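Hi,

Here is the structure I promised to pass on. Have a look at it first, and my notes follow underneath.

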Amino acid sequence: MTELDENEALTDLLDLLDLEQIEENIFRGTSRQSLVPRVFGGQVAAQALVAAGRTVPADRTAHSLHSYFLRAGDPGAPIVYSVDRIRDGRSFTTRRVVAVQHGQPIFHLSASFQTYEEGLDHQAAMPAAPDPESLPTAAESLPLYRDVFRDPGTVERLVAARAAVDLRYATTPPWGSVGKPVEPRSQVWFRTGGKLADDPLLHTCLATYVSDMTLLDSVLLAHGRGGWAVGDVVGASLDHAMWFHRPFRADEWLLYDQESPSSAAGRGLGQARIWTRDGRLAVTVIQEGVVRVPRA
C-alpha cells in the first residue's frame with residue numbers, strides 16, 4: 001500500500017461523509033463495498049451524524065449519540081437521511097435521524113450537541129499500551145494470517161478496506177487466536193492516513209466510523225473465535241452509543257481500549273474508551289451485536 005493509495009483512500013472516505021443535501025433536513029449518501037454484502041455499520045452511523053451536525057450551529061459540538069441498526073443496508077443503493085430537529089435549547093441541541101433505503105428505515109440515531117462550557121473535570125487513568133510506531137501496519141500483519149481466513153483474498157480486501165485509516169493492533173487480533181480463548185480485551189491504535197481540516201464534526205464522525213471496526217473483537221477473543229472473515233461466527237451490530245468527553249483529532253494517534261463484560265443469548269457486548277496519545281479520555285463507546293456460531 002503506497003502513500004498515494006492511502007491518500008486516495010482517505011479522499012474517498014471523506015467524499016463518503018460529504019452528504020448531498022436534497023431538501024431542508026434531508027440528505028443523501030452513497031456507500032462503498034465492504035467485506036460483507038451489506039453496508040458497513042460505522043459508515044451509516046458516521047453519515048447520520050454528519051446529517052445531524054449539518055443542522056446544528058457551528059459552535060455546538062456532539063457530546064453523545066445513541067443508535068440502533070434496524071436492517072442490513074444495500075451497498076448498491078443510496079441512503080436517505082431525514083433529520084428531525086427535536087430541540088434547540090440555550091446550551092443543548094437534540095437531533096433525531098432516520099436512514100431510509102428502499103422505503104424502509106435501516107438505522108435510527110439520536111444525537112445531542114452542546115456549546116462549550118467550563119465545569120468539574122476528572123477522568124480515569126489511561127491504560128498502558130505500546131507506542132503505535134512500534135506496531136505493524138495492516139499491510140504488514142494481515143498476510144501472516146492468510147491461512148486462517150476462509151477466502152485467501154480476504155487479506156487484500158481487509159488491507160484495502162483499512163487503507164484510509166492506519167489501524168494497528170496492540171494486542172493479538174481475533175484471527176490470531178483462533179481456538180485459543182484469551183482475556184476478552186483488545187487494544188488498537190488508529191489515525192487517518194493523512195491530515196484533516198480543522199472541523200470538530202469531521203473528526204467526531206471519523207471516530208464514529210472507526211469505532212465500529214473492532215469493538216466486538218473482545219467478544220471473539222473470549223471464545224477463541226476469529227470472526228466473520230474467518231467464518232466461525234456470524235455477526236452484525238445491533239446498537240451503538242458514544243459519549244464525546246474532550247476534543248481530539250482523528251488524524252493523530254488514538255488508543256481504542258476495548259473489552260467485553262458479557263456474551264449471551266446470541267449477543268455480545270463490547271465497551272471501550274478512546275484516549276489521545278497524551279492521556280486524555282476523549283470518547284466512551286458501548287455496542288451490542290449479534291454473535292452467532294453458524295449451524296452445521
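Before anything else, a word on "buried": I use it for a residue under 20% relative accessible area, with exposed meaning over 50% and partly exposed in between (1.4 Å probe, protein chains only). Helices (H or I, at least four residues) and strands (E, at least two) are DSSP runs, numbered from the N terminus. With that in hand, β8 (185–192) is mostly covered, as 6 of its 8 residues are buried.

Two things on provenance. This is a predicted model, in which local features need pLDDT of at least 70 and side-chain atom pairs count only at pLDDT 80 or more, while totals for chains, interfaces and linings use all residues. Residues are numbered from 1 along each chain as its sequence is written, and side-chain values use heavy atoms, with hydrogens and water left out.

**The chain as a whole**

The chain holds 6 helices and 12 strands. Its radius of gyration is 18 Å, close to the 19 Å that the globule rule gives for 296 residues, so the chain is as compact as a globular protein of that length. (The radius is taken over C-alpha atoms, and the rule is 2.2 Å times the number of residues to the power 0.38.) The C-alpha trace spans about 55 × 45 × 45 Å along its principal axes. Buried residues account for 49% of the 296. The accessible surface is about 14,300 Å², and carbon and sulfur atoms own 51% of that; areas come from the Shrake-Rupley method with a 1.4 Å probe, and for residues only the protein chains shown count as cover.

Contact here means heavy atoms within 4.5 Å. Of the contacts between residues at least 6 apart in sequence, 71% join residues at least 24 apart.

**The sheet**

An open sheet of 12 strands runs in the order β1-β2-β4-β5-β6-β3-β9-β12-β11-β10-β8-β7, with antiparallel pairing. Two strands pair if DSSP finds at least two bridges between them. β1 (20–23) and β7 (165–169) are at the edges with a single partner strand each, so one side of each has no neighbour in the sheet. On average, neighbouring strands are turned by 25 degrees against each other, direction ignored. For angles, axes are lines fitted to C-alpha atoms (for helices, over the stretch in contact), and values run from 0 to 180 degrees between N-to-C directions.

At one edge, β1 and β2 (residues 26–29) run antiparallel and are joined by 3 bridges, with Q21 opposite F27 of β2. At the other edge, 5 bridges join the antiparallel pair β7 and β8, and V165 has T192 in β8 as its bridge partner. β8 also pairs with β10 in the antiparallel sense over 6 bridges, where V188 stands opposite Y256 in β10.

**Helices on the sheet**

Helix α2 (residues 41–53) packs on the sheet and touches β2, β3 (60–69), β4 (79–88), β5 (92–101) and β6 (104–115), making about 50 degrees with the direction of β6. Helix α5 (residues 200–211) lies across β3, β7, β8, β9 (234–244), β10 (254–264) and β12 (281–292), at about 150 degrees to β9.

**Residues worth clicking on**

S211 sits in helix α5 and is buried, at 0% relative accessibility. A polar atom of its side chain is 2.7 Å from the backbone oxygen of T208. Leaving aside neighbours within four places in sequence, S211 contacts H240, M242, Y256 and V285.

T214 is in the loop between α5 and α6 (217–222) and is buried too, with a relative accessible area of 1%. With the same neighbours within four places left out, T214 is in contact with R162, L167, Y169, V188, Y256 and Q258.

A163, in the loop between α4 (154–161) and β7, is buried at 10% relative accessible area. A163 and A139 are 24 residues apart in sequence and 8.9 Å apart in space, C-alpha to C-alpha.

Finally, two positive phi values outside glycine. N25 has phi near 70 degrees; N25 is in the loop between β1 and β2 and is buried, with a relative accessible area of 18%. H102 has a positive phi of about 50 degrees; H102 is in the loop between β5 and β6 and is exposed, at 62%.

Cheers

Technical notes:
Polar contact = N/O pair within 3.5 Å; in protein donor to acceptor, adjacent residues only side chain to side chain.
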